Amino acid sequence: MAGDIVPIELGLTDGNLFTLWAPRWREGEDEWEAFLGLDEDLYGFDSVAALAAFVRTDDDNDLADHPQWETVKKLQAEELIPDDKHSYDLIGVPELAAEDPRGEVIAELENALEITRIIGEVCDLTPVTKFFTANQILSAVTVGTDNFRGREGVDLWVRIGRLIAKHWDDVIDALDEVVSTPDVDAEALTIAEDELDAAASAEDEDEPEFDPVDPLDDDADDETDEDSDDDDSDDDDSDDEEEDDFWSQVGIDPIRIYTDEGEFLTLRCYLRDEPVFLGAKGNIYGFSSERALTRYLAENNDHALGKVSTYDEVQSMANGGELEYDVLEENVYALPGLTEDLLDGPRAVDGRQLDLAVELLTDAADFAGIDTVDEALGKTTPLGWLVDYAINPDPDRLAPSGPYDNESEAWRALVNDFEERLIRRG
């Protein structure tokens, strides 16, 4: 299957620049990796609109032969906005390496170093490739916080920080030298800017007209209490029921999953927006009955949810036989049939069912620490384009065209990978 083309943002000396990156893809026996550019130049643009305008009007670049180039040219401008994961503050790397080695700091540093290393290799930048080949200790950031525990770990982190502080200016100079900004068609630029303005306006219209309440804000609690005095008794009863719900209190949700192998009941929560399932080492434990799940919870805490602060409450309720699993509609995921529906095109797909399935597969991949789902569902891949259009049909957007055999098979592969990590435990 062909690879994706990913919009990225690079923080360099002249500010934040937008470009495209094509991670490794294979054509026949050859493997390639490239950035938007030509020959020795890497193209960077000061806005997403300029990037979109260039992509739509220029085929004389190193990505024009990529299997997904024609798909990228048809994207809306807003679809070329890099996500947080692909926004790299390269200028800020020394400051980042000077912080304490917390998990999020290490992850951000790892991403910045990795994209820098790739640019160095693809663009043949000797100062960059030499920096990485001569300093193998930089690879220590790729395994999370484990390398930076204790006195030896702190010393290793300090050594990495000093190394970066000493040589990073040379790295940035090499990156700055290879980046150039070609001219952009003025009419295409205006069209892209209008698209982004329209998308921003639509997003503003979707914003709620009320101010969200911060649950950690005491003043907000007081205001909420005062407002609640004006509510009718039915609203009070609804609020009481929500407050009394055990799963809401512990911040964990029962979820139900349907696959071709049957029905599974399990648990999931989010810690700092990261999904955590009942499972371990990337595997999710599923149960065929509430009784089997309750028995497992009562007897086991050697799993990912066992580290959640409220799990003791769950285990206590399980030991007392008091757990009930009222699965909310938005936590029911049905995978069967989607592969066949995708084969028939976006109009044959139940958008809500597919949207929930994407959520499940994405959460499960994040839990396992793998990027296969994000990569396969990128909006510039045929599958990503098809899935996004099926979930968010828009008559003003260019619809994907069949046949959809490859997209259906790509989806099947994602589902198969997920099902291999869904382990029946009872």
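**Close-up views of a predicted model**

**View 1. Helix α1 is largely enclosed by the rest of the structure, because eight of its ten residues are buried.** The helix spans residues 48–57 of a model that is predicted. Its buried residues are Val48, Ala49, Ala50, Leu51, Ala52, Ala53, Phe54 and Val55. Residues count as buried here when their relative accessible area is under 20%.

**View 2. Four strands form an open sheet with mixed pairing.** The order of the strands is β10-β9-β8-β13. Strands β10 (274–277) and β13 (332–334) stand at the edges; each has a single partner strand, so one side of each lacks a neighbour in the sheet. On average, and with direction ignored, neighbouring strands of this sheet are turned by 35° against each other. Strands of a sheet pair through backbone hydrogen bonds, in either a parallel or an antiparallel sense. For strand β8 (residues 252–259) and β13 the sense is parallel, and three bridges join the two. Within this part of the sheet, Tyr258 stands opposite Ala334 in β13.

**View 3. Helices α11 and α14 are shown with the four-stranded sheet.** Helix α11 (residues 290–299) lies across β8 and β9 (262–271), and runs at about 45° to β9. Helix α14 packs on the sheet and touches β8, β9, β10 and β13. The direction of α14 makes about 85° with that of β10.

**View 4. Helix α14 packs against helix α17 at an angle of about 50°.** Helix α14 comprises residues 351–368 and helix α17 residues 405–420, and their axes lie 10 Å apart. Angles from 35 to 65 degrees count as oblique, and therefore α14 is oblique to α17. The crossing of the two helices is left-handed. On the side of α14, the contact is made by Leu354, Ala357, Val358, Leu360, Leu361 and Ala364. Helix α17 contributes Trp411, Leu414, Val415 and Phe418. How do the residues of this contact divide into nonpolar, polar and charged? Ten are nonpolar, none is polar and none is charged.

**View 5. Three strands form a further open sheet, also with mixed pairing.** Here the strand order is β11-β12-β14. Strands β11 (279–280) and β14 (422–424) occupy the edges; because each has a single partner strand, one side of each is left without a neighbour in the sheet. Strand β12 covers residues 283–286 and runs antiparallel to β11, to which two bridges join it. Gly279 stands opposite Ile284 in β12.

Conventions: Residues are numbered from 1 along each chain as its sequence is written. This is a predicted model: local features need pLDDT of at least 70, side-chain atom pairs count only at pLDDT 80 or more; totals for chains, interfaces and linings use all residues. Side-chain values use heavy atoms; hydrogens and water are left out. Axes are lines fitted to C-alpha atoms, for helices over the stretch in contact, and angles run from 0 to 180 degrees between N-to-C directions. Angles under 35 degrees count as roughly parallel, over 145 as roughly antiparallel, 65 to 115 as roughly perpendicular and the rest as oblique. A crossing is left-handed if the near helix is turned anticlockwise from the far one by less than a right angle, and right-handed if clockwise. Contact means heavy atoms within 4.5 Å. Ala, Val, Leu, Ile, Met, Phe, Trp, Tyr, Cys and Pro count as nonpolar, Asp, Glu, Lys and Arg as charged, and the others, Gly among them, as polar. Two strands pair if DSSP finds at least two bridges between them. Buried means under 20% relative accessible area, exposed over 50%, partly exposed in between (1.4 Å probe, protein chains only).
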